[in-house]
Structures are given as C-alpha cells and as structure tokens.
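Work through the exercises below with the sequence and the structure open beside you. Try each task before reading the solution that follows it.

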Amino acid sequence: METLGFLIDGFGVALAPHNLMFALLGAFLGTLIGALPGLGPANGVAILIPLAFTLGLAPETAMIMLTAVYAGAMYGGRISSILLNIPGDEPAMMTCLDGYPMAQQGKASEALAISAVASFIGSLIATIGLILLAPLLADFALTFGPAEYFALFLLAFATLGGITGKNPMKTVVAAAIGLMIATVGIDSTGVQRYTFGVLELYEGVDFIIAIVGLFAISELLFFIEEKAGGGKAKMAVNKLTLSWKDIRNILPSSFRGGVLGFIAGVLPGAGASLGSFIGYTLEKKVVGKKGYFGQGDPRGVAGPEAGNNGASSGALVPMLTLGVPGSGTTAVLLALLISLNITPGPLMFTQNADIVWGVIAALLIGNFLLLLLNIPLVGIFVKLLSVPPMYLLPVVTMIAFVGIYSISNTTFDLYFMVAFGVAGYIFRKLEIPLVPIILGLLLGPEMEKNLRHAMDISDGDWTILWDSGLAIGLWVFAGLGLILPYIVGPILRRRMQVQTGTGGPESD
C-alpha cells in the first residue's frame, strides 16, 4: 500500500501540465533521435542535457523529459532498421533481421506498427516490474559477482549460433572478430594493445562508428553495386492492414521479450542489446520450425523490440536503487542526477521520492504517449520508401557522416567508419554475419573487465569462474548453446526441406 501511495503522488508530479508537456516533447524528440542512424539514446540524452539546464528546468521536470527522450529513442531505433536495414542504435540491430525483409515484401507499415505495439508492451511490463519488484531484483543483481557476469556474457556468445545464419562456424568467426576489435586500446593496467602508435586508437574503437560503418556504409556500397549491375532497389509499399488477429499473434512474443528484456536491463552492463538479442533467440527456439525467421516473420520483430524496450526501463532499477547504471544511457542520466546534487541509491526513495516516483509515473504515461504518436505516424515513416534509393541512401550516408563528426569532431573517425563499411561489404559478400561482430565489440570490454576482476579476487585461481551454483548453471547453458546448433540445426533444416520443399522458409 505504501508503494501505491508513492505512485499516486508520482502521478501528481507527472501529470502537472508543464511536466506532461516536456514528457511529450521528450518522446517526440527521442523518436526522431532514435530514427537517425548512429545517434542512439545515450547520445540523444547527452545532447539534450544542456537544453534542460538552459531552460532552467526543475530536477523532476528535467528527469521526466530526458527519460522520455530515452524511451522515445528506443521506440525510434526501429524505424531505419525496418525501412533501410540500418539500425538507429545497437539494440535495434536484431529488428533488421525480420523487419527489413517485411519491408521488402511490401509490409513496412505492418512491421512498424508491430514494433510500436511490441515496444509498448515490453516497456509497460518493465515499468510495472520497476514499480513492484525493484528492491527484490536489485538484491538478485547483487548476487552476480564478476565470475557470474563473465559466464553470462559467455552464454550470450555461445548462443549466437542460434541467431544468425546457417553456418555456426562463420558466426563464431564473426564473434571472434568482434572480440578482437574490442581489445584495441589501452587496457585497465595502462598497456597499449594494437594501437600501432595511433593516438586515436588509445581509447579503443567506438561501437557507434562500427555500427554505422558496417551497416550504413556497406548498404550504400551494395546499392552502388546493384545499380552498376542494372539491378533495381525498389520495394512495394502497402497501406496499413494490421488487424487484431495480427496483434494477438505477436502478443506472446511481446510478453516473453518484455520479461526477458526487463531481467537483462536489471543486470548492470547487460542492457538493451542483450535484451533484444535474447528476445529474438527465444522466439526462434519457441516457434522453431513453424517460423520463418530472417525472411519477414512478425514475431522476429516483436520479440527483440519488446526486449530492448523492456531492458531500457529495467536498466533504471540498478541506477535508481543502487546508483549503478544499467546501460550507457542510464549512465548519462546518472551524471544528470549527480549534477543536480541528487545522490542515487536506496536513500533516494525517501529523500527524493517526488523525483523517483514522478519519473516512474512519467514512464507509464510516456508509453501511452509514444504508442499514440507512433501508430498514426506509420504512414509518414512508410512514405520514406517512396523516395528513390539513389537519393535516400546518399542522404542517410550524409547524416551518418555528420552525426559521427558531431560526436567526435575528428576526421579520423570518418575514415574509420568508411573502413568498417568496406569491411562490412566484404563480410556480407562472404556471408559472415555482422551482428556477432557488433555484439563482440559491445560485450567484449565488460567480459574482459569481469574476468580480470575475478582473477584479482581469486589471486589467479581459475576455479572461481565456476565456484558458485549460478555460475555453473550459466556455464552449462553456454555449453548447450554452443553445441546444439551443430546437432539440432541441420536436422531441423532437413525436416523443413522435406515439409516445404527446397524453396520453403527455413527456421534458422
């Protein structure tokens, strides 16, 4: 009952006219930021923090607006993923796998509407979880030591074979490439690794540069090749025909993705990337041979979208209750709180209850605002497809160049982005999947940090990595995830070919 009373007070804060107005503004700006390739929620929030101080906003108003930007960017990230096969940010990568094929089949409007509904469900589930289970889940996250986190990330890499492609070995190679890139820079002991004396590499490789290069630039190169070969780059566009039956079909996927995403978000360092990743993997496992993932299955859009939006709200749990950011964006929000002389942690729920519960209530309201904004705007997003690719892709590429330069203010990153684009083009020609490369780059640093921490604690004793029941369980699941694709995958593909013919859709 005490929680309900705090939540009611929070709605009083969130429904104040000026707070509601800034929540709507933040949701709209966040959607636009999320749709722009390369920016993402963390950069969007960081860019708009000066606006909060310039306007002299109260702490609760500033947090409500920037939290709405965060939620809106998670919604918006799927727009360019579906329409252009270019993820707006890293969690939206998984949406490309089935969202873009749907667009190529003339179902772009349905894919956008499905992603909006799934995002709403995932975020709503996570916000309710934040209200009801924050203390309990925060305690559970505390049981994860460095050994458990290392095993968790190992599990993520071990199950990559179930996500991308028919050749698990190429997936392993791609993940290894990503992990290798993640080691570039100065490590925690001050040793330079693979910098070759280049000053810009001392801080490592920025994953945003890698994402934009591998996806946006390689897409442009493929378009140039297609035009040179006389190919066409057009796709049919239909009107929105999403029915209640279609929505009911994706509800189980959305609920599963939302729950998994919330759990991933609560674990500091896991974040929305892991949430969308697990959401997609689970759908492939649950649906099995009945699905046609990678070829435009709506459940392949709903699962990761619910997962990444669930994770974005879940990441607020450790930030608000422990003062530990659960993602890059919550780290930016944490910096905002500290700059406002507010100390995140357990005492914040009593000393600054109006801010905490105002933000939580604003998240609930923001979910409905975003759904109301996104469904009517589906037609506008789909109209982007009517722009000839010969004009649209260069504009997107220009935006990518401007966005990267505005972040780093150095031409080196532009050359680096182009290099990643050429590499992405080659990898796609060799049918080496790009998603494991990015995930290796994203999760590699945290994986290494937790391994080092575990070794420091145990004084170099490797047995600490499987010293707890939780760690052993994660290792077992990782082993199964690594082996099963080699055993089960070929069997399922053969059965699918028997049932549907050689031209039928495959489950992997």
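**Exercise 1: A network of charges**

Task: Find the network of salt bridges that links Asp187, Arg193, Glu448 and Arg452, and describe the pair formed by Arg452 and Glu448.

Solution. Begin with the membership: salt bridges connect Asp187, Arg193, Glu448 and Arg452 into a network. Keep in mind from the start that the model is predicted. Next, take the pair of Arg452 and Glu448, whose closest N and O atoms are 3.3 Å apart; this counts as a salt bridge because the cut-off is 4 Å. Then locate the two residues, which both lie in helix H20 (residues 435-458) and are four residues apart, about one turn of the helix. Finally, look at their surroundings: Arg452 is partly exposed, with a relative accessible area of 28%, and Glu448 is also partly exposed, with a value of 22%.

**Exercise 2: Further salt bridges**

Task: Determine how many salt bridges the whole structure holds, and explain what the pair of Arg256 and Glu283 ties together.

Solution. A search of the whole structure gives five salt bridges. One of them joins the side chains of Arg256 and Glu283, at 2.9 Å from N to O. Since Arg256 belongs to helix H10 (residues 244-266) and Glu283 to helix H11 (residues 271-287), the pair ties together parts that are 27 residues apart in sequence. The two partners can then be described by their accessibility: Arg256 is partly exposed, at 26% relative accessible area, whereas Glu283 is buried, at 0%. Another salt bridge is formed by Asp297 and Arg299, with their closest N and O atoms 2.9 Å apart, and here both Asp297 and Arg299 are buried.

**Exercise 3: The surroundings of a threonine**

Task: Decide whether Thr127 is buried or exposed, and list the residues that it touches beyond its sequence neighbours.

Solution. First place the residue: Thr127 is part of helix H6 (residues 108-142). Its relative accessible area is 0%, and since buried means under 20%, Thr127 counts as buried. Within the chain, a polar atom of the Thr127 side chain lies 2.7 Å from the backbone oxygen of Ser123. When residues up to four places away in sequence are set aside, Thr127 touches Ser313, Ile360, Leu363, Leu364 and Asn367.

**Exercise 4: A leucine and a group of rings**

Task: Work out which residues Leu154 is in contact with, and then identify the cluster to which Trp475 belongs.

Solution. Start in helix H7 (residues 146-158), where Leu154 is found; this leucine is partly exposed, with a relative accessible area of 23%. Leaving out neighbours within four places in sequence, Leu154 is in contact with Met447, Trp475 and Ala478. A comparison of sequence and space is instructive here, for Leu154 and Gly479 are 325 residues apart in sequence, while their C-alpha atoms are 9.4 Å apart.

Now turn to the rings. The whole structure contains five aromatic pairs, and one of them is formed by Trp466 and Trp475, which meet edge-to-face at 5.9 Å centre to centre, with 85° between the planes. Both residues are partly exposed, Trp466 at 43% relative accessible area and Trp475 at 28%. Ring pairs join Phe150, Trp466 and Trp475 into a cluster.

**Exercise 5: The whole chain and its confidence**

Task: Summarise the protein chain, and say where pLDDT stays under 50.

Solution. Count the elements first: the chain has 21 helices and two strands. Then consider burial, which applies to 56% of the 508 residues, and the accessible surface, which comes to about 21,400 Å², with carbon and sulfur atoms supplying 69% of it. Of the contacts between residues at least 6 apart in sequence, 77% join residues at least 24 apart.

The last step concerns confidence. The chain has an average pLDDT of 76, and 78% of the residues score at least 70. Among the elements, helix H17 (residues 378-383) has the lowest mean pLDDT, 62, and strand E2 (residues 192-193) the highest, 89. Values stay under 50 over residues 229-237, for which the model has 15 contacts beyond four places in sequence, and also over residues 496-508, for which the model has 28 such contacts.

Notes:
Residues numbered from 1 in each chain as written. Predicted model: local features only at pLDDT ≥ 70, side-chain atom pairs only at ≥ 80, totals over all residues. Heavy atoms only, no water. Buried < 20%, exposed > 50% of the residue type's maximum accessible area, 1.4 Å probe, protein only. Polar contact = N/O pair within 3.5 Å; in protein donor to acceptor, adjacent residues only side chain to side chain. Contact = heavy atoms within 4.5 Å. Areas by Shrake-Rupley, 256 points an atom, 1.4 Å probe, with all protein chains shown as cover. Phe/Tyr/Trp six-rings, centres within 6.5 Å; stacked < 30°, edge-to-face > 60°. pLDDT = per-residue confidence, 0-100.
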